[in-house]
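Please open the structure in your viewer and keep a selection panel at hand. The stops below are meant to be taken in order, each one beginning with something to select.

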Amino acid sequence: MAEGTIIKAVSGFYYVYSGGELIECKARGAFRHSGETPLVGDRVEFEKGTVTRLLPRSNSFIRPAVANIDTMVFIACAAKPVTDPFLIDRVSVIAAKADCDLIVVLNKCDLAPADTLFEIYSHSGFPTVLTSAETGAGIEELRTLLRGRICAFTGNSGAGKSSIINRLIPDAHIETADISDKLGRGKHTTRHVEFYPMDSESFIADTPGFASFEVSMIADITCEELPELFSDFGPYLGGCRFNDCRHLSEPDCAVTEAVSSGKLQKTRHDSYVRLYDIVKNRKPWD
């Protein structure tokens, strides 16, 4: 029985990298009955073109549909399509839940400087890089941050995920497309998830962009643990008057006081309030 890593999944076929070779496989029928779905990034056992067993995962994500990722890289921009900080914040929570790092990349800095987004996320403690896939600005700084990591690139369509990967890995030749003037967002040029090797120890997964939020993405997050998933809240948790403080509008809340004093970014707390409301009102069948 051979072992390998799924680096691409297209139309029911899984492409397993093993021993320097890429083997096209199908998943055994038993996966359908067990409810298991192989994901890009999975370590697997296979034989005769069939994936027979999934090896234990360190983590997995619904969107992007990947496994065994140690770093999520959110590609955002202040140019068209302008990124809503809530998109970044919800991914930061999903990443934290999976014990996964988050890097924020602010692309298209040649078109719009993204000063506000840079202030929010660098102040909040996330590695934040200004880049331009067009000019190459910031690409080497990003390359240094990604070295030795297994990453998944995500972000809203048109922000430049594929273009940045093409800069980092010229042999990738990933298809890109222009932004729609009518819709203000990019076309979904990435139609499947695939790993690309930046070097022998660094892999990047290009993933389809997203524009909607699914409650299932935070299905296993509770109201009680949500504050701990906002890493920048950490120094203030436990400093509130009430032990069961929700950090919304309670008196003598250390978190909201830190927001008022500028120690915490207001947009981060705004996103926390939105996510808290979603988690609190989530129905069991959502």
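Select Val73 in β6 together with Phe153, its bridge partner in β9; keep in mind, here and at every later stop, that this is a predicted model. Extending the selection to the whole of strand β9 (residues 150–154) shows the setting of that pair, since 4 bridges join β9 to β6 and the two strands run parallel.

Now move to the other pairing of β6 by selecting Ala76 and Leu106, the latter being the bridge partner of Ala76 in β7. The pairing of β6 with β7 is parallel and extends over 7 bridges. If you follow the chain from β6 through α2 to β7, you trace a β-α-β crossover that is right-handed.

Before leaving β6, display its side chains: which of them point one way and which the other? Thr71, Val73, Ile75 and Cys77 point to one side, while Met72, Phe74 and Ala76 point to the other, and all of these residues are buried. In a regular strand, side chains alternate between the two faces of the sheet. With 7 of its 7 residues buried, β6 is largely enclosed by the rest of the structure.

Staying with the chain beyond β6, select Lys80 and Pro81, and look at the peptide bond from Lys80 to Pro81, which is cis with omega near 0 degrees. Pro81 belongs to the loop between β6 and α2.

A second backbone feature is found at Lys108, in the loop between β7 and α3. Although Lys108 is not a glycine, its phi is positive, at about 65 degrees, and its relative accessibility of 13% is under the 20% cut-off, so this lysine counts as buried.

Next select helix α3 (residues 115–123) and show Leu117, Ile120 and Tyr121, which are buried. Viewed down the helix axis, the buried residues of α3 fall within an arc of 80 degrees, and they therefore line one face of the helix. An α-helix has 3.6 residues a turn, so residues three or four places apart point the same way. What do the buried residues of α3 pack against? Their packing partners are β6 (71–77), α2 (85–97), β7 (101–107), β8 (128–130) and α7 (266–280). Just after the helix, Gly125 takes a positive phi of about 95 degrees.

For a contrast with Lys108 in accessibility, go to His173, in the loop between α5 (161–168) and β10 (194–199). His173 also is not a glycine and has a positive phi, here of about 50 degrees, but with a relative accessibility of 65% it counts as exposed.

The following stops are salt bridges, of which the structure holds 13. Begin with Asp89 and Arg268, whose closest N and O atoms are 2.9 Å apart. Because Asp89 lies in helix α2 and Arg268 in helix α7, this pair ties together parts that are 179 residues apart in sequence. Adding Asp232 to the selection completes a network, in which salt bridges with shared partners join Asp89, Asp232 and Arg268. Asp89 counts as buried at 0% relative accessibility, and Arg268 is likewise buried with a relative accessible area of 0%.

Then select Asp42 and Arg57, whose side chains meet in a salt bridge (2.7 Å, N to O). Asp42 sits in the loop between α1 (30–34) and β4, and Arg57 in the loop between β5 and β6, 15 residues apart. Asp42 is buried, with a relative accessible area of 0%, whereas Arg57, at 34% relative accessibility, counts as partly exposed.

One more pair to display is Glu3 and Arg43, joined by a salt bridge (3.4 Å, N to O). Glu3 is in strand β1 (residues 2–10) and Arg43 in strand β4 (residues 43–47), 40 residues apart. Glu3 counts as partly exposed at 40% relative accessibility, and Arg43 is partly exposed with a relative accessible area of 33%.

Finish at Val51, which lies in strand β5 (residues 50–54). Is Val51 buried or exposed? Val51 is buried, with a relative accessible area of 0%. Leaving aside residues up to four places away in sequence, Val51 touches a set of residues that includes Tyr14, Val16, Cys25, Phe31, Val44 and Phe46. As a last distance to display, the C-alpha atoms of Val51 and Arg246 are separated by 46 Å, with their positions 195 residues apart along the chain.

Methods. Residues are numbered from 1 along each chain as its sequence is written. This is a predicted model: local features need pLDDT of at least 70, side-chain atom pairs count only at pLDDT 80 or more; totals for chains, interfaces and linings use all residues. Side-chain values use heavy atoms; hydrogens and water are left out. Buried means under 20% relative accessible area, exposed over 50%, partly exposed in between (1.4 Å probe, protein chains only). The arc is that of the directions from the helix axis to the C-beta atoms. Contact means heavy atoms within 4.5 Å. A salt bridge is a side-chain nitrogen of Lys or Arg within 4 Å of a carboxyl oxygen of Asp or Glu. Two strands pair if DSSP finds at least two bridges between them. A crossover is right-handed if, with the strands pointing away from the viewer, the path from the first strand over the helix to the second runs clockwise.
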